[in-house]
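New to this one? Here is an informal walk through its sheets, its helices and a few odd spots along the backbone.

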Amino acid sequence: MKIAILDDYQNVALGFADWDSLGAEIEVCNEYIPDRDELVRRLAGAEVVVAMRERTPFPAELLDRLPDLRLLVSTGRRNAAIDIAAARERGILVCGTGYLPEPTAEHTWALILAAMRNLPREERSMRDGGWQLGLGSGLHGRTLGLLGLGRLGSRVAAVGAAFGMEVIAWSQNLTAEHAAGQGVTAVGREELFERSDVLSIHLVLSDRTRGLVGAAELAAMKPTAWLVNTSRGPIVREEALIEALRAGRIGGAALDVYDTEPLPSDHPLRALPNTVLTPHIGYVTREVYQVFYRDAVQDIAAYQAGTPIRQLEP
């Protein structure tokens, strides 16, 4: 059996699980492969592919060019970049792994604090021999708005409350009762954008959330407010966000996710001063990778035994 492990950017996959127990030939790709023909060449002969989250898409057209593929393991519990229905039609199993929500919630707060206290600029100033550059903003008494109050949003809410923030939330299915149980006030969609000093997104990317935050929503925000996104880039209309940032219509954006990943080196977001940018590392922790790769090996072993586990549904 040949196994291909994709997008192991840190070159750590083999150290997090007992791959030898599978008795397979293993090829690890440490870099993102954007060229479809090159990707097909690298995956030729692979019966199993392990995909890291949504770094490499698997549409039907790609699956058609991988005749040897029988098991596609995606780290995490869902993967919008895999056409699971097309895989099933072609006799390819798609299985997932466990996940830990804590690291992404923690990274959300790393971005919020970095944004509110101007940490990137102040840190660069120190390294360049400088000293203080400007004034930061405190969190106590300000309003934290959450677009989504599920497992991640609830964790972010608890930290906001600990900072003494008023926490409000909206999502399409959020009830006042559920919000109150989290110590959060449910509000209308327009009110969420109008009142938030920090607005953090915690929704799953789907047809109804794609482009949910556009020009109208950004225009409703305070000119000092920050938009934070550790969920998925396409939930925010990128062109509208760039325009709002350039015009100074919002205070800034702290982003870990983007429409195109890896983010192109000449992307306009990289040049805007009112941004804090990280390279989709909300889940990139030792603890999460241990779960990902341990479970991936378990998925492959179960497939070898003819009893597949953790199969993902279209």
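## A helix across two strands

Let's start with helix α6, which lies across β6 and β7 and runs at about 175° to β6. Keep in mind that what you're looking at is a predicted model. The two strands under discussion, β6 (residues 143-147) and β7 (residues 166-170), pair in the parallel sense over five bridges. If you'd like one spot to find by eye, take Gly145: its bridge partner in β7 is Ile168. Another helix, α10 (residues 238-247), packs on the sheet too, touching β10 (226-229), β11 (252-255) and β12. The direction of α10 makes about 135° with that of β11.

Now zoom out to the sheet itself. Its seven strands come in the order β8-β7-β6-β9-β10-β11-β12, and the sheet is open, with parallel pairing. At the edges you'll find β8 (185-186) and β12 (275-277), each of which pairs on one side only. As a bit of background, strands of a sheet pair through backbone hydrogen bonds, either parallel or antiparallel.

## The five-strand sheet

There's also an open sheet of five strands, ordered β2-β1-β3-β4-β5, with parallel pairing. Here β2 (25-28) and β5 (93-95) stand at the edges with a single partner strand each, so one side of each has no neighbour in the sheet. From one strand to the next, the twist averages 15°.

Inside this sheet, β3 (residues 48-51) and β4 (residues 71-74) run parallel and are joined by four bridges. Val48 stands opposite Leu71 in β4. Helix α11 (residues 286-304) packs on the sheet and touches β1 (2-5), β3, β4 and β5. The direction of α11 makes about 160° with that of β4.

Here are the two strand pairs side by side:

| Strand pair | Bridges | Facing residues |
|---|---|---|
| β6 and β7 | five | Gly145 and Ile168 |
| β3 and β4 | four | Val48 and Leu71 |

## Where two helices meet

How do α4 and α6 pack? Helix α4 (residues 102-116) and helix α6 (residues 151-162) pack at an angle of about 45°, and their axes are 9 Å apart. That angle makes α4 oblique to α6. The crossing of the two is right-handed.

Which residues make the contact? On the α4 side they are Glu102, Thr104, Ala105, Thr108 and Trp109, and these meet Leu152, Arg155, Val156, Val159 and Gly160 in α6. Sorted by character, the residues of this contact come out as five nonpolar, three polar and two charged.

## A salt bridge between distant parts

A search of the whole structure turns up 20 salt bridges. One that's worth a look joins Arg65 and Asp37, with the closest N and O atoms 2.8 Å apart. This pair links distant parts of the chain, 28 residues apart: Arg65 is in the loop between α2 (60-64) and β4, while Asp37 is in helix α1 (residues 36-43).

## Two backbone oddities

Most residues other than glycine have a negative phi, and most peptide bonds are trans. What about Asn11? Its phi is near 55°, a positive value in a residue other than glycine. You'll find Asn11 in the loop between β1 and β2. The other spot to check is the peptide bond from Glu261 to Pro262, which is cis, with omega near -5°. Pro262 is in the loop between β11 and β12.

Note on methods:
Residues numbered from 1 in each chain as written. Predicted model: local features only at pLDDT ≥ 70, side-chain atom pairs only at ≥ 80, totals over all residues. Heavy atoms only, no water. Axes fitted to C-alpha atoms, helices over the stretch in contact; angles between N-to-C directions. Parallel < 35°, antiparallel > 145°, perpendicular 65-115°, else oblique. Left-handed = near helix turned anticlockwise from the far one by under 90°. Contact = heavy atoms within 4.5 Å. Nonpolar A, V, L, I, M, F, W, Y, C, P; charged D, E, K, R; others polar. Pairing = 2+ DSSP bridges. Salt bridge = Lys/Arg side-chain N within 4 Å of Asp/Glu carboxyl O.
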